[in-house]
There are 2 protein chains.
Amino acid sequence: MTETTTSVRRPDQLPSQVLHALDAAVKRKPAGRKEDQLLDAAEEIFLSHGYAGASVDDIVLRAGISKATLYKYFHDKESLFSAVIDRRCVQQRERLSALTTNASTEDALIEGGKMAVTFMVSPLAQSVYRTCVAEAARFPHVGHVFYLSAAVAMTKQLSAVFERAEAAGDLVVPDKAFAANQLWQLARSVYFYELMFQVRDNVSQNERNHVVRESLEMFVARYGTESFKPRMAEALAKLS
Amino acid sequence: MTETTTSVRRPDQLPSQVLHALDAAVKRKPAGRKEDQLLDAAEEIFLSHGYAGASVDDIVLRAGISKATLYKYFHDKESLFSAVIDRRCVQQRERLSALTTNASTEDALIEGGKMAVTFMVSPLAQSVYRTCVAEAARFPHVGHVFYLSAAVAMTKQLSAVFERAEAAGDLVVPDKAFAANQLWQLARSVYFYELMFQVRDNVSQNERNHVVRESLEMFVARYGTESFKPRMAEALAKLS
DNA sequence: AATGAACTGAACTGTTCTGTTCAGTTGATG
DNA sequence: CATCAACTGAACAGAACAGTTCAGTTCATT
(Lines give C-alpha, C1' and ligand atoms only; values in the text may rest on other atoms or scores of the structure.)
Protein backbone atom coordinates (compact mmCIF):
# COMPACT_ATOMS: atom_id res chain seq x y z
CA MET A 1 0.00 0.00 0.00
CA THR A 2 1.40 3.36 -0.90
CA GLU A 3 0.93 6.09 1.65
CA THR A 4 -1.59 8.74 0.72
CA THR A 5 -0.19 12.18 0.04
CA THR A 6 -3.34 13.94 1.18
CA SER A 7 -2.70 16.49 3.89
CA VAL A 8 -5.25 14.59 5.98
CA ARG A 9 -3.42 12.12 8.24
CA ARG A 10 -5.10 9.44 10.28
CA PRO A 11 -4.10 9.50 13.95
CA ASP A 12 -5.02 6.17 15.48
CA GLN A 13 -6.22 7.61 18.77
CA LEU A 14 -9.27 9.48 17.44
CA PRO A 15 -12.83 8.18 18.05
CA SER A 16 -14.07 5.91 15.30
CA GLN A 17 -16.81 8.33 14.26
CA VAL A 18 -14.19 10.94 13.39
CA LEU A 19 -12.15 8.28 11.72
CA HIS A 20 -15.02 7.48 9.43
CA ALA A 21 -15.41 11.11 8.56
CA LEU A 22 -11.72 11.28 7.69
CA ASP A 23 -11.92 8.09 5.68
CA ALA A 24 -14.82 9.55 3.83
CA ALA A 25 -12.91 12.73 3.09
CA VAL A 26 -10.02 10.67 1.78
CA LYS A 27 -12.19 8.56 -0.42
CA ARG A 28 -14.19 11.50 -1.67
CA LYS A 29 -11.08 13.19 -2.94
CA PRO A 30 -8.64 10.39 -3.47
CA ALA A 31 -6.15 13.00 -4.75
CA GLY A 32 -3.26 10.69 -4.27
CA ARG A 33 -4.44 7.12 -3.85
CA LYS A 34 -4.97 6.25 -7.49
CA GLU A 35 -2.69 8.97 -8.77
CA ASP A 36 0.17 7.75 -6.64
CA GLN A 37 -0.35 4.16 -7.74
CA LEU A 38 -0.20 5.49 -11.26
CA LEU A 39 2.91 7.60 -10.71
CA ASP A 40 4.67 4.77 -8.90
CA ALA A 41 3.98 2.36 -11.72
CA ALA A 42 4.84 4.90 -14.38
CA GLU A 43 8.13 5.67 -12.64
CA GLU A 44 9.04 2.03 -12.58
CA ILE A 45 8.32 1.53 -16.26
CA PHE A 46 9.73 4.81 -17.53
CA LEU A 47 12.95 4.53 -15.54
CA SER A 48 13.60 0.99 -16.69
CA HIS A 49 12.43 1.22 -20.31
CA GLY A 50 12.88 4.89 -21.24
CA TYR A 51 10.14 7.09 -22.62
CA ALA A 52 9.67 5.50 -26.02
CA GLY A 53 10.20 1.99 -24.67
CA ALA A 54 7.51 2.31 -22.02
CA SER A 55 4.00 1.43 -23.11
CA VAL A 56 0.91 2.97 -21.59
CA ASP A 57 -0.67 -0.47 -21.40
CA ASP A 58 2.24 -1.75 -19.32
CA ILE A 59 1.87 1.20 -16.98
CA VAL A 60 -1.84 0.81 -16.32
CA LEU A 61 -1.39 -2.94 -15.92
CA ARG A 62 1.31 -2.41 -13.34
CA ALA A 63 -0.69 0.32 -11.62
CA GLY A 64 -3.79 -1.85 -11.51
CA ILE A 65 -5.99 0.88 -12.92
CA SER A 66 -7.77 1.29 -16.20
CA LYS A 67 -6.50 3.19 -19.16
CA ALA A 68 -9.49 5.52 -19.05
CA THR A 69 -8.52 6.58 -15.53
CA LEU A 70 -4.99 7.35 -16.59
CA TYR A 71 -6.28 9.69 -19.26
CA LYS A 72 -8.53 11.39 -16.70
CA TYR A 73 -5.47 12.25 -14.60
CA PHE A 74 -3.07 13.10 -17.40
CA HIS A 75 -3.77 14.51 -20.80
CA ASP A 76 -1.25 12.30 -22.56
CA LYS A 77 1.83 10.13 -22.17
CA GLU A 78 4.16 13.13 -22.18
CA SER A 79 2.37 14.82 -19.27
CA LEU A 80 2.58 11.63 -17.28
CA PHE A 81 6.29 11.34 -18.00
CA SER A 82 6.91 14.94 -16.94
CA ALA A 83 4.98 14.39 -13.74
CA VAL A 84 7.03 11.30 -12.93
CA ILE A 85 10.33 13.11 -13.45
CA ASP A 86 9.17 16.17 -11.54
CA ARG A 87 8.13 14.14 -8.53
CA ARG A 88 11.29 12.10 -8.48
CA CYS A 89 13.49 15.17 -8.85
CA VAL A 90 11.78 16.87 -5.94
CA GLN A 91 12.46 13.78 -3.84
CA GLN A 92 16.08 13.75 -4.98
CA ARG A 93 16.45 17.38 -3.98
CA GLU A 94 15.06 16.68 -0.53
CA ARG A 95 17.38 13.73 -0.15
CA LEU A 96 20.35 15.94 -0.97
CA SER A 97 19.30 18.69 1.42
CA ALA A 98 19.88 16.54 4.47
CA LEU A 99 23.51 17.64 4.83
CA THR A 100 24.56 18.20 8.43
CA THR A 101 25.40 21.79 9.23
CA ASN A 102 27.11 22.11 12.59
CA ALA A 103 30.12 19.84 12.27
CA SER A 104 33.80 20.60 11.80
CA THR A 105 34.90 21.30 8.25
CA GLU A 106 36.55 17.91 7.86
CA ASP A 107 33.52 16.05 9.20
CA ALA A 108 31.13 18.06 7.06
CA LEU A 109 33.20 17.31 3.96
CA ILE A 110 33.52 13.63 4.74
CA GLU A 111 29.87 13.22 5.60
CA GLY A 112 28.86 15.17 2.49
CA GLY A 113 31.25 13.12 0.37
CA LYS A 114 29.94 9.84 1.69
CA MET A 115 26.38 10.91 1.10
CA ALA A 116 27.12 12.12 -2.42
CA VAL A 117 28.91 8.93 -3.44
CA THR A 118 26.35 6.64 -1.84
CA PHE A 119 23.61 8.58 -3.56
CA MET A 120 25.28 8.48 -6.96
CA VAL A 121 25.85 4.76 -7.02
CA SER A 122 22.33 3.91 -5.85
CA PRO A 123 20.21 2.11 -8.46
CA LEU A 124 17.49 4.75 -8.28
CA ALA A 125 19.83 7.69 -8.83
CA GLN A 126 21.44 5.80 -11.69
CA SER A 127 18.08 5.18 -13.33
CA VAL A 128 16.99 8.77 -12.93
CA TYR A 129 20.26 10.03 -14.33
CA ARG A 130 20.06 7.61 -17.23
CA THR A 131 16.51 8.57 -18.09
CA CYS A 132 17.10 12.31 -17.81
CA VAL A 133 20.22 12.17 -19.96
CA ALA A 134 18.36 10.08 -22.51
CA GLU A 135 15.34 12.35 -22.79
CA ALA A 136 16.75 15.81 -22.09
CA ALA A 137 17.27 16.40 -25.81
CA ARG A 138 13.62 15.81 -26.67
CA PHE A 139 12.14 17.06 -23.38
CA PRO A 140 14.07 20.19 -22.42
CA HIS A 141 11.83 20.56 -19.39
CA VAL A 142 13.11 17.24 -18.07
CA GLY A 143 16.70 18.40 -18.45
CA HIS A 144 16.02 21.64 -16.61
CA VAL A 145 14.18 20.01 -13.76
CA PHE A 146 16.91 17.43 -13.29
CA TYR A 147 19.62 20.08 -13.45
CA LEU A 148 17.84 22.14 -10.83
CA SER A 149 17.38 19.15 -8.56
CA ALA A 150 20.91 17.88 -8.84
CA ALA A 151 23.43 20.55 -9.75
CA VAL A 152 21.76 23.61 -8.31
CA ALA A 153 20.62 21.99 -5.07
CA MET A 154 24.02 20.44 -4.52
CA THR A 155 25.82 23.67 -5.31
CA LYS A 156 23.78 25.52 -2.73
CA GLN A 157 24.44 22.93 -0.03
CA LEU A 158 28.16 22.73 -0.66
CA SER A 159 28.55 26.49 -0.97
CA ALA A 160 27.20 26.85 2.55
CA VAL A 161 29.75 24.35 3.81
CA PHE A 162 32.53 26.21 2.00
CA GLU A 163 31.48 29.50 3.48
CA ARG A 164 31.59 28.22 7.02
CA ALA A 165 34.93 26.59 6.30
CA GLU A 166 36.27 29.86 4.95
CA ALA A 167 35.09 31.72 8.03
CA ALA A 168 36.90 29.11 10.12
CA GLY A 169 40.09 29.62 8.13
CA ASP A 170 40.03 26.07 6.74
CA LEU A 171 39.39 26.70 3.06
CA VAL A 172 39.87 29.49 0.56
CA VAL A 173 37.34 29.04 -2.25
CA PRO A 174 37.08 31.99 -4.66
CA ASP A 175 34.36 30.52 -6.88
CA LYS A 176 32.21 28.38 -4.62
CA ALA A 177 29.74 27.22 -7.22
CA PHE A 178 32.49 26.04 -9.52
CA ALA A 179 34.36 24.34 -6.69
CA ALA A 180 31.18 22.58 -5.61
CA ASN A 181 30.80 21.28 -9.12
CA GLN A 182 34.40 20.08 -9.17
CA LEU A 183 33.96 18.19 -5.91
CA TRP A 184 30.77 16.62 -7.19
CA GLN A 185 32.54 15.57 -10.36
CA LEU A 186 35.39 14.02 -8.41
CA ALA A 187 32.89 11.97 -6.45
CA ARG A 188 31.79 10.48 -9.77
CA SER A 189 35.23 9.08 -10.50
CA VAL A 190 35.44 5.54 -11.80
CA TYR A 191 32.63 3.71 -10.06
CA PHE A 192 29.74 5.91 -11.14
CA TYR A 193 30.66 5.33 -14.76
CA GLU A 194 31.47 1.67 -14.37
CA LEU A 195 27.95 1.21 -13.04
CA MET A 196 26.42 3.42 -15.71
CA PHE A 197 28.05 1.45 -18.49
CA GLN A 198 27.41 -1.96 -17.02
CA VAL A 199 31.05 -2.72 -16.43
CA ARG A 200 30.21 -3.65 -12.84
CA ASP A 201 26.98 -3.94 -10.90
CA ASN A 202 27.79 -2.83 -7.37
CA VAL A 203 30.22 -0.73 -5.35
CA SER A 204 31.50 -1.85 -1.98
CA GLN A 205 31.78 0.25 1.15
CA ASN A 206 35.56 0.26 0.75
CA GLU A 207 35.35 1.48 -2.79
CA ARG A 208 32.97 4.25 -1.82
CA ASN A 209 35.32 5.34 0.95
CA HIS A 210 38.20 5.24 -1.49
CA VAL A 211 36.50 7.73 -3.81
CA VAL A 212 35.56 9.96 -0.90
CA ARG A 213 39.13 9.95 0.39
CA GLU A 214 40.74 10.64 -2.96
CA SER A 215 38.21 13.30 -3.90
CA LEU A 216 38.66 15.22 -0.68
CA GLU A 217 42.40 14.85 -0.71
CA MET A 218 42.52 16.48 -4.11
CA PHE A 219 39.95 19.09 -3.20
CA VAL A 220 41.77 20.13 -0.05
CA ALA A 221 45.12 20.12 -1.83
CA ARG A 222 43.66 22.83 -4.04
CA TYR A 223 41.41 24.81 -1.71
CA GLY A 224 42.59 23.97 1.82
CA THR A 225 44.66 26.33 3.94
CA GLU A 226 48.04 25.07 5.15
CA SER A 227 46.75 24.84 8.70
CA PHE A 228 43.77 22.78 7.63
CA LYS A 229 45.54 20.24 5.41
CA PRO A 230 47.05 18.16 8.24
CA ARG A 231 43.70 18.07 10.06
CA MET A 232 41.97 16.86 6.93
CA ALA A 233 44.69 14.26 6.33
CA GLU A 234 44.19 12.97 9.85
CA ALA A 235 40.43 12.75 9.42
CA LEU A 236 40.78 10.98 6.09
CA ALA A 237 43.21 8.47 7.55
CA LYS A 238 40.51 7.41 10.01
CA LEU A 239 38.17 6.69 7.12
CA SER A 240 38.45 2.91 7.23
CA MET B 1 32.94 9.94 -50.54
CA THR B 2 33.55 7.57 -47.73
CA GLU B 3 36.60 5.38 -48.08
CA THR B 4 36.00 1.76 -48.91
CA THR B 5 36.74 -0.73 -46.18
CA THR B 6 37.84 -3.44 -48.60
CA SER B 7 41.35 -4.71 -48.02
CA VAL B 8 42.06 -3.91 -51.68
CA ARG B 9 43.75 -0.50 -51.92
CA ARG B 10 44.37 1.38 -55.14
CA PRO B 11 47.97 2.46 -55.64
CA ASP B 12 48.02 5.22 -58.25
CA GLN B 13 51.19 4.07 -59.95
CA LEU B 14 49.86 0.77 -61.32
CA PRO B 15 49.09 0.32 -65.05
CA SER B 16 45.53 1.20 -66.00
CA GLN B 17 44.68 -2.36 -66.96
CA VAL B 18 45.34 -3.49 -63.39
CA LEU B 19 43.45 -0.46 -62.16
CA HIS B 20 40.39 -1.57 -64.06
CA ALA B 21 40.66 -5.00 -62.56
CA LEU B 22 40.85 -3.47 -59.11
CA ASP B 23 37.95 -1.18 -59.83
CA ALA B 24 35.97 -4.17 -60.91
CA ALA B 25 36.85 -5.99 -57.73
CA VAL B 26 35.77 -3.00 -55.70
CA LYS B 27 32.48 -2.65 -57.49
CA ARG B 28 31.84 -6.35 -57.44
CA LYS B 29 32.12 -6.25 -53.68
CA PRO B 30 31.08 -2.72 -52.82
CA ALA B 31 31.61 -3.67 -49.16
CA GLY B 32 31.47 -0.15 -47.92
CA ARG B 33 29.68 2.08 -50.38
CA LYS B 34 26.13 1.11 -49.54
CA GLU B 35 27.03 -0.09 -46.07
CA ASP B 36 28.63 3.22 -45.19
CA GLN B 37 25.66 5.16 -46.51
CA LEU B 38 23.56 2.97 -44.32
CA LEU B 39 25.74 3.36 -41.23
CA ASP B 40 25.97 7.12 -41.73
CA ALA B 41 22.22 7.44 -41.95
CA ALA B 42 21.62 5.06 -39.08
CA GLU B 43 24.06 6.98 -36.91
CA GLU B 44 22.28 10.23 -37.61
CA ILE B 45 18.89 8.81 -36.74
CA PHE B 46 19.92 6.70 -33.76
CA LEU B 47 21.98 9.46 -32.15
CA SER B 48 19.23 12.00 -32.48
CA HIS B 49 16.19 9.83 -31.70
CA GLY B 50 17.55 7.02 -29.51
CA TYR B 51 17.15 3.35 -30.26
CA ALA B 52 13.41 2.98 -29.75
CA GLY B 53 12.67 6.36 -31.26
CA ALA B 54 14.50 5.64 -34.49
CA SER B 55 12.50 3.89 -37.16
CA VAL B 56 14.00 1.60 -39.76
CA ASP B 57 11.95 3.31 -42.44
CA ASP B 58 13.45 6.67 -41.53
CA ILE B 59 16.92 5.17 -41.74
CA VAL B 60 16.54 3.60 -45.18
CA LEU B 61 14.88 6.77 -46.44
CA ARG B 62 17.78 8.88 -45.21
CA ALA B 63 20.31 6.38 -46.56
CA GLY B 64 18.61 6.27 -49.93
CA ILE B 65 18.55 2.49 -50.02
CA SER B 66 15.79 -0.05 -49.81
CA LYS B 67 14.67 -1.83 -46.71
CA ALA B 68 15.48 -5.20 -48.26
CA THR B 69 19.09 -4.12 -48.65
CA LEU B 70 19.34 -3.10 -45.03
CA TYR B 71 18.21 -6.54 -43.97
CA LYS B 72 20.80 -8.10 -46.26
CA TYR B 73 23.57 -6.25 -44.44
CA PHE B 74 22.21 -6.56 -40.91
CA HIS B 75 20.10 -9.27 -39.41
CA ASP B 76 17.92 -6.88 -37.43
CA LYS B 77 17.63 -3.40 -35.98
CA GLU B 78 19.70 -4.31 -32.93
CA SER B 79 22.66 -5.46 -35.02
CA LEU B 80 22.56 -2.25 -36.98
CA PHE B 81 22.50 -0.24 -33.79
CA SER B 82 25.45 -2.14 -32.38
CA ALA B 83 27.40 -1.63 -35.59
CA VAL B 84 26.72 2.10 -35.49
CA ILE B 85 27.92 2.42 -31.91
CA ASP B 86 30.95 0.23 -32.52
CA ARG B 87 32.06 2.26 -35.51
CA ARG B 88 31.56 5.56 -33.76
CA CYS B 89 33.38 4.41 -30.65
CA VAL B 90 36.37 3.29 -32.69
CA GLN B 91 36.47 6.73 -34.27
CA GLN B 92 36.22 8.36 -30.85
CA ARG B 93 39.10 6.26 -29.63
CA GLU B 94 41.22 7.30 -32.60
CA ARG B 95 40.34 10.91 -32.02
CA LEU B 96 41.47 10.64 -28.41
CA SER B 97 44.73 8.92 -29.31
CA ALA B 98 46.07 11.99 -31.06
CA LEU B 99 47.71 13.31 -27.89
CA THR B 100 51.15 14.83 -28.45
CA THR B 101 53.91 12.91 -26.77
CA ASN B 102 57.16 14.86 -26.79
CA ALA B 103 56.24 18.08 -25.02
CA SER B 104 57.01 19.36 -21.54
CA THR B 105 54.72 18.09 -18.79
CA GLU B 106 52.86 21.39 -18.55
CA ASP B 107 52.33 21.62 -22.29
CA ALA B 108 51.23 17.99 -22.52
CA LEU B 109 48.70 18.52 -19.73
CA ILE B 110 47.36 21.73 -21.20
CA GLU B 111 47.12 20.34 -24.70
CA GLY B 112 45.48 17.18 -23.38
CA GLY B 113 43.08 19.21 -21.27
CA LYS B 114 42.07 21.42 -24.15
CA MET B 115 41.51 18.43 -26.35
CA ALA B 116 39.48 16.62 -23.71
CA VAL B 117 37.24 19.60 -23.00
CA THR B 118 36.76 20.49 -26.65
CA PHE B 119 35.91 16.89 -27.35
CA MET B 120 33.42 16.61 -24.50
CA VAL B 121 31.42 19.66 -25.43
CA SER B 122 31.24 18.77 -29.13
CA PRO B 123 27.73 17.95 -30.34
CA LEU B 124 28.82 14.55 -31.62
CA ALA B 125 30.44 13.46 -28.37
CA GLN B 126 27.39 14.69 -26.49
CA SER B 127 25.07 12.68 -28.71
CA VAL B 128 27.18 9.54 -28.41
CA TYR B 129 27.36 9.89 -24.65
CA ARG B 130 23.64 10.48 -24.44
CA THR B 131 22.80 7.47 -26.56
CA CYS B 132 25.21 5.14 -24.80
CA VAL B 133 23.98 6.16 -21.36
CA ALA B 134 20.40 5.72 -22.51
CA GLU B 135 20.87 2.26 -23.97
CA ALA B 136 23.62 0.74 -21.83
CA ALA B 137 21.03 -0.81 -19.51
CA ARG B 138 19.31 -2.73 -22.31
CA PHE B 139 22.39 -3.24 -24.50
CA PRO B 140 25.26 -4.12 -22.19
CA HIS B 141 27.50 -4.50 -25.20
CA VAL B 142 26.97 -0.84 -26.03
CA GLY B 143 27.98 0.16 -22.53
CA HIS B 144 31.13 -1.93 -22.66
CA VAL B 145 32.20 -0.67 -26.06
CA PHE B 146 31.66 2.92 -25.05
CA TYR B 147 33.52 2.42 -21.79
CA LEU B 148 36.44 0.88 -23.63
CA SER B 149 36.53 3.71 -26.15
CA ALA B 150 36.26 6.51 -23.66
CA ALA B 151 37.48 5.58 -20.21
CA VAL B 152 40.03 2.93 -21.05
CA ALA B 153 41.53 4.70 -24.06
CA MET B 154 41.76 7.95 -22.15
CA THR B 155 43.29 6.25 -19.11
CA LYS B 156 46.00 4.72 -21.24
CA GLN B 157 46.87 8.03 -22.89
CA LEU B 158 46.98 9.99 -19.68
CA SER B 159 48.89 7.30 -17.83
CA ALA B 160 51.66 7.60 -20.38
CA VAL B 161 51.80 11.35 -19.82
CA PHE B 162 51.91 10.82 -16.06
CA GLU B 163 54.73 8.34 -16.36
CA ARG B 164 56.90 10.69 -18.35
CA ALA B 165 56.07 13.47 -15.91
CA GLU B 166 57.08 11.27 -12.99
CA ALA B 167 60.35 10.40 -14.65
CA ALA B 168 60.95 14.12 -15.11
CA GLY B 169 60.24 14.75 -11.43
CA ASP B 170 57.13 16.84 -12.18
CA LEU B 171 54.37 14.64 -10.79
CA VAL B 172 53.98 11.88 -8.23
CA VAL B 173 50.98 9.77 -9.17
CA PRO B 174 50.62 6.53 -7.21
CA ASP B 175 47.45 5.29 -8.95
CA LYS B 176 47.68 6.54 -12.50
CA ALA B 177 44.45 5.07 -13.77
CA PHE B 178 42.47 6.59 -10.95
CA ALA B 179 44.18 9.94 -11.34
CA ALA B 180 43.46 9.91 -15.07
CA ASN B 181 39.83 9.34 -14.26
CA GLN B 182 39.83 12.20 -11.79
CA LEU B 183 41.34 14.58 -14.33
CA TRP B 184 38.81 13.49 -16.92
CA GLN B 185 35.99 14.07 -14.45
CA LEU B 186 37.27 17.54 -13.60
CA ALA B 187 37.25 18.41 -17.29
CA ARG B 188 33.52 17.67 -17.24
CA SER B 189 32.81 20.35 -14.65
CA VAL B 190 29.84 22.60 -15.23
CA TYR B 191 29.68 23.06 -18.97
CA PHE B 192 29.46 19.42 -19.99
CA TYR B 193 26.39 19.00 -17.83
CA GLU B 194 24.84 22.32 -18.75
CA LEU B 195 24.98 21.20 -22.35
CA MET B 196 23.76 17.70 -21.56
CA PHE B 197 20.72 19.01 -19.74
CA GLN B 198 19.89 21.75 -22.21
CA VAL B 199 20.66 24.54 -19.81
CA ARG B 200 22.88 26.12 -22.45
CA ASP B 201 23.68 25.29 -26.04
CA ASN B 202 27.30 26.25 -26.55
CA VAL B 203 30.58 26.78 -24.71
CA SER B 204 32.93 29.60 -25.62
CA GLN B 205 36.69 29.38 -26.03
CA ASN B 206 37.12 31.30 -22.77
CA GLU B 207 34.88 28.94 -20.88
CA ARG B 208 36.73 25.93 -22.22
CA ASN B 209 40.03 27.47 -21.15
CA HIS B 210 38.57 28.20 -17.75
CA VAL B 211 37.74 24.56 -17.14
CA VAL B 212 41.14 23.47 -18.38
CA ARG B 213 42.87 25.93 -16.09
CA GLU B 214 40.87 25.06 -13.01
CA SER B 215 41.08 21.32 -13.62
CA LEU B 216 44.84 21.36 -14.00
CA GLU B 217 45.34 23.70 -11.09
CA MET B 218 43.52 21.26 -8.86
CA PHE B 219 45.20 18.25 -10.37
CA VAL B 220 48.69 19.67 -9.93
CA ALA B 221 47.90 20.85 -6.41
CA ARG B 222 47.31 17.22 -5.60
CA TYR B 223 49.86 15.36 -7.72
CA GLY B 224 52.48 17.97 -8.67
CA THR B 225 55.92 18.16 -7.08
CA GLU B 226 56.85 21.42 -5.38
CA SER B 227 59.35 22.19 -8.10
CA PHE B 228 56.76 21.67 -10.81
CA LYS B 229 53.91 23.71 -9.33
CA PRO B 230 55.36 27.15 -10.15
CA ARG B 231 56.12 26.03 -13.72
CA MET B 232 52.57 24.80 -14.15
CA ALA B 233 51.19 28.03 -12.66
CA GLU B 234 53.22 30.02 -15.14
CA ALA B 235 52.02 27.95 -18.05
CA LEU B 236 48.41 28.21 -16.92
CA ALA B 237 48.70 31.98 -16.56
CA LYS B 238 49.57 32.18 -20.26
CA LEU B 239 46.37 30.35 -21.14
CA SER B 240 44.45 33.41 -22.38
C1' DA C 1 -33.61 3.92 -2.05
C1' DA C 2 -31.79 7.37 -5.17
C1' DT C 3 -27.91 10.15 -6.71
C1' DG C 4 -23.61 11.02 -8.68
C1' DA C 5 -18.81 10.80 -9.20
C1' DA C 6 -14.89 7.78 -9.80
C1' DC C 7 -13.67 3.97 -11.90
C1' DT C 8 -13.51 -0.42 -14.86
C1' DG C 9 -12.95 -3.55 -18.82
C1' DA C 10 -13.06 -4.22 -23.16
C1' DA C 11 -13.60 -3.11 -27.57
C1' DC C 12 -12.23 -0.05 -31.21
C1' DT C 13 -9.71 3.46 -34.40
C1' DG C 14 -6.05 4.60 -36.86
C1' DT C 15 -1.32 4.78 -36.91
C1' DT C 16 3.27 3.01 -36.75
C1' DC C 17 6.42 -0.48 -36.19
C1' DT C 18 9.76 -4.49 -37.65
C1' DG C 19 10.68 -7.74 -40.72
C1' DT C 20 9.47 -10.51 -45.16
C1' DT C 21 8.54 -11.29 -49.88
C1' DC C 22 8.93 -10.90 -54.70
C1' DA C 23 8.81 -9.40 -59.35
C1' DG C 24 11.61 -6.55 -61.74
C1' DT C 25 15.83 -3.30 -62.60
C1' DT C 26 20.65 -2.20 -63.00
C1' DG C 27 25.23 -2.77 -64.48
C1' DA C 28 29.43 -4.98 -64.74
C1' DT C 29 31.47 -9.37 -66.50
C1' DG C 30 32.75 -13.27 -69.46
C1' DC D 1 24.31 -11.19 -75.72
C1' DA D 2 23.70 -13.88 -71.60
C1' DT D 3 24.62 -14.13 -66.83
C1' DC D 4 24.65 -13.03 -62.13
C1' DA D 5 24.61 -10.63 -57.98
C1' DA D 6 23.22 -6.44 -55.85
C1' DC D 7 19.64 -3.76 -55.43
C1' DT D 8 14.85 -1.55 -55.71
C1' DG D 9 9.97 -0.47 -54.74
C1' DA D 10 6.06 -1.69 -53.16
C1' DA D 11 3.18 -4.40 -51.00
C1' DC D 12 2.35 -7.28 -47.12
C1' DA D 13 1.77 -9.66 -42.38
C1' DG D 14 1.47 -9.36 -37.67
C1' DA D 15 2.17 -6.97 -33.73
C1' DA D 16 2.27 -2.94 -30.83
C1' DC D 17 1.15 1.55 -30.08
C1' DA D 18 -1.61 6.01 -28.12
C1' DG D 19 -5.76 7.50 -27.25
C1' DT D 20 -11.19 7.21 -27.29
C1' DT D 21 -15.55 5.45 -26.19
C1' DC D 22 -19.09 3.46 -23.53
C1' DA D 23 -22.02 0.45 -21.00
C1' DG D 24 -21.77 -1.04 -16.63
C1' DT D 25 -19.92 -1.21 -11.55
C1' DT D 26 -18.73 0.50 -7.04
C1' DC D 27 -19.66 3.18 -3.11
C1' DA D 28 -20.06 7.16 -0.07
C1' DT D 29 -23.46 10.57 0.49
C1' DT D 30 -28.30 12.36 0.85
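Hi everyone, this is a short walk through a predicted model with two chains, A and B.

Let's begin with the fold of one chain. Chain A has 12 helices and zero strands, so to speak an unbroken run of α elements when you read along the sequence. Of its 240 residues, 38% count as buried. And if you take the contacts in chain A with a separation of 6 or more, 66% of them join residues 24 or more positions apart.

Now, inside chain B, there is one helix pair I'd like you to find on the screen: α5, residues 77-96, and α8. Their axes are 9 Å apart, and the packing angle is about 5°. Angles under 35 degrees count as roughly parallel, and α5(B) and α8(B) are therefore roughly parallel to each other. Who makes the contact? On the α5(B) side, the residues include I85(B), C89(B), V90(B) and L96(B), along with D86(B) and R93(B). On the α8(B) side, look for V142(B), V145(B), F146(B), A150(B) and M154(B), among others. Sorted by class, this contact holds 10 nonpolar, five polar and two charged residues.

Keep α8(B) in mind while we turn to the place where the chains meet. Here, 32 residues of chain B are in contact with 32 residues of chain A. Several helices of chain B supply at least two residues each to that side: α2 (33-53), α7 (123-135), α8 (140-167), α9 (176-187), α10 (191-196) and α11 (205-223). Which of them gives the most? That is α8(B), with six residues. So to the bench question of what kind of side chains sit there: the side of chain B that touches chain A has 18 nonpolar, nine polar and five charged residues.

How do the two copies relate to each other? In general, two copies of a chain are related by a rotation about an axis and a shift along it. In this model, a rotation of 180° with 0.0 Å of shift along the axis superposes chain B on chain A, with an RMSD of 0.1 Å. The two copies are thus related as by a two-fold rotation axis. If you want a landmark for that axis, go to A134(B): in chain B, its C-alpha is the nearest one, 2.4 Å from the axis.

One last point on the interface. Of the interface residues of chain B, 100% are also interface residues in chain A, so the copies meet through the same surface.

Thanks for listening!

Terms used:
Residues are numbered from 1 along each chain as its sequence is written. Chains are lettered from A and ligands numbered from 1 in the order in which they are written. This is a predicted model: local features need pLDDT of at least 70, side-chain atom pairs count only at pLDDT 80 or more; totals for chains, interfaces and linings use all residues. Two residues are in contact if their C-beta atoms, placed from the backbone, lie within 7 Å. Helices (H or I, at least four residues) and strands (E, at least two) are DSSP runs, numbered from the N terminus. Ala, Val, Leu, Ile, Met, Phe, Trp, Tyr, Cys and Pro count as nonpolar, Asp, Glu, Lys and Arg as charged, and the others, Gly among them, as polar. Copies are superposed by least squares on the C-alpha atoms of residues with pLDDT of at least 70 in both. Axes are lines fitted to C-alpha atoms, for helices over the stretch in contact, and angles run from 0 to 180 degrees between N-to-C directions. Angles under 35 degrees count as roughly parallel, over 145 as roughly antiparallel, 65 to 115 as roughly perpendicular and the rest as oblique. A residue is buried if 20 or more other C-beta atoms lie within 10 Å of its own, exposed if 12 or fewer, and partly exposed in between; C-beta atoms are placed from the backbone.
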